[in-house]
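Work through the exercises below with the model open. Try each task before you read its solution.

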Amino acid sequence: MRFAEKLAAAWAANDSLVCVGLDPDPQRLPAHLSRDAAGILAFNRAIIDATHDLVCAYKPQIAYFAACGAEEALRESIAYIRCNYPAIPVILDAKRGDIGSTAEQYAVEAFDRYAADAVTINPYMGHDSAEPFLRRADKGVVVLCRTSNPGAADFQDLDVDGRPLYEIVAENVARKWNANNNCMLVLGATWPEQVARVRALVGDLPFLVPGVGAQGGDVEKLVRAGRTADGAGLVINSSRAILYASSGEDFAEAARNETRKLRDLINAYR
Ligand SMILES: O=c1ccn([C@@H]2O[C@H](COP(=O)(O)O)[C@@H](O)[C@H]2O)c(=O)[nH]1
């Protein structure tokens, strides 16, 4: 099944637009787990088991694994999802972007080594840097557009012929890069006005939206700004607010409760 179909099926099956971000910080793992690759994998498995029926996607962020040499725990976490909950798409957050020959290797890393369904990329280097990902028609390519962080405006809002650069990125992705219908855009939940502007430009292109929870994005404003006519179109990520809802042995149960709360809040405004 192609990525877009898998995502649409997951939205519908779990009646959820929530993506749980797998950002396992060894320093924040519950005390009863080891602060190494084995502890990270046990943590992720428990979070996944506790939330799989409440989400439309998982988004592991590669930095949390690579920083402590736990790439194998990343591969095994994704394999765990694919084996036990194969209907839930996995978006590897790696924000890749390089010349074509190197991008080829990044595409192999994301889609073959880690077996992710989709990967985030940075569009700054242009179409040839994205092409090795775009060519994989069955896989999703999630392009940074207007990010959630405070410095997002520094470059993304630069004026290009009277329009902010992020709008040019959005239009290029929707009209040129999406020939295989496998693209998404990253829009920060912290900027609902910009989410609405991009939604008006790109039709039903799905958005990956980080920035609720720990970064304080307003869920009601975000959903009203970014939903599509059928009440979907959004993959709304929360990582820390869910993963670290409790630092005790009940961490998975607490993560489930936070995930359910977020799903229900989002669904109230769809
Ligand atoms: O614009 C962006 C793009 C990616 N991220 C990533 O999403 C999560 C957010 O984590 P929270 O704990 O829910 O704040 C994290 O992996 C970021 O690297 C983003 O925040 N903003």
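Buried means under 20% relative accessible area, exposed means over 50%, and partly exposed lies in between (1.4 Å probe, protein chains only). This is a predicted model: local features need pLDDT of at least 70, side-chain atom pairs count only at pLDDT 80 or more, and totals for chains, interfaces and linings use all residues. Residues are numbered from 1 along each chain as its sequence is written, and side-chain values use heavy atoms, with hydrogens and water left out.

**Exercise 1. Salt bridges in helices**

Task: Find the salt bridge between E258 and K261, and state where the two residues lie.

Solution:
- Start with the criterion: a side-chain nitrogen of Lys or Arg within 4 Å of a carboxyl oxygen of Asp or Glu.
- The E258 and K261 side chains satisfy it at 2.9 Å, N to O.
- Both residues belong to helix α12 (residues 251-267), 3 residues apart, about one turn of the helix. Helices are DSSP runs of H or I, at least four residues; strands are runs of E, at least two; both are numbered from the N terminus.
- Now classify them. K261 is exposed because its relative accessibility is 53%. E258 is partly exposed, at 26%.
- Look further: R163, E167, E171, R175 and R197 are joined into one network by salt bridges that share partners.
- The total for the structure is 19 salt bridges.

Task: Repeat the analysis for E72 and R75.

Solution:
- The closest N and O atoms of this salt bridge are 2.7 Å apart.
- E72 and R75 sit about one helical turn from each other, because they are 3 residues apart in helix α4 (residues 71-84).
- An α-helix has 3.6 residues a turn, so residues three or four places apart point the same way.
- E72 is partly exposed at 39%. R75 is partly exposed at 31%.

Task: Classify both partners of the R135 and E131 salt bridge.

Solution:
- Their closest N and O atoms are 2.8 Å apart.
- R135 has 43% relative accessibility, so R135 is partly exposed.
- E131 has 27%, so E131 is partly exposed too.

**Exercise 2. The two sides of α9**

Task: Which residues of helix α9 (residues 192-202) are buried, and how are they arranged?

Solution:
- List the buried residues: Q194, V195, V198, R199 and V202.
- View α9 down its axis. These residues fall within an arc of 140 degrees, so they line one face of the helix. The arc is taken from the directions from the helix axis to the C-beta atoms.
- Turn to the face away from the buried side. E193 and A200 are exposed there.

**Exercise 3. The ligand**

Task: Identify the residues that come nearest to the ligand, then list polar contacts to its oxygen atoms.

Solution:
- There are 15 residues around the ligand (a heavy atom within 4 Å). D23, S148, Q215, S239 and R240 come nearest.
- Polar contacts are pairs of N or O atoms within 3.5 Å.
- K59 places a polar side-chain atom 3.1 Å from a ligand oxygen.
- For Q215, a side-chain N or O atom is 2.8 Å from a ligand oxygen.
- For R240, the corresponding distance is 2.6 Å.
- On its own, the ligand has 470 Å² of accessible area, and the protein covers 88% of it. Areas come from the Shrake-Rupley method with a 1.4 Å probe.

Key:
A polar contact is a pair of N or O atoms within 3.5 Å; within protein, one must be able to donate a hydrogen and the other to accept it, and residues adjacent in sequence count only if both atoms are side-chain atoms.
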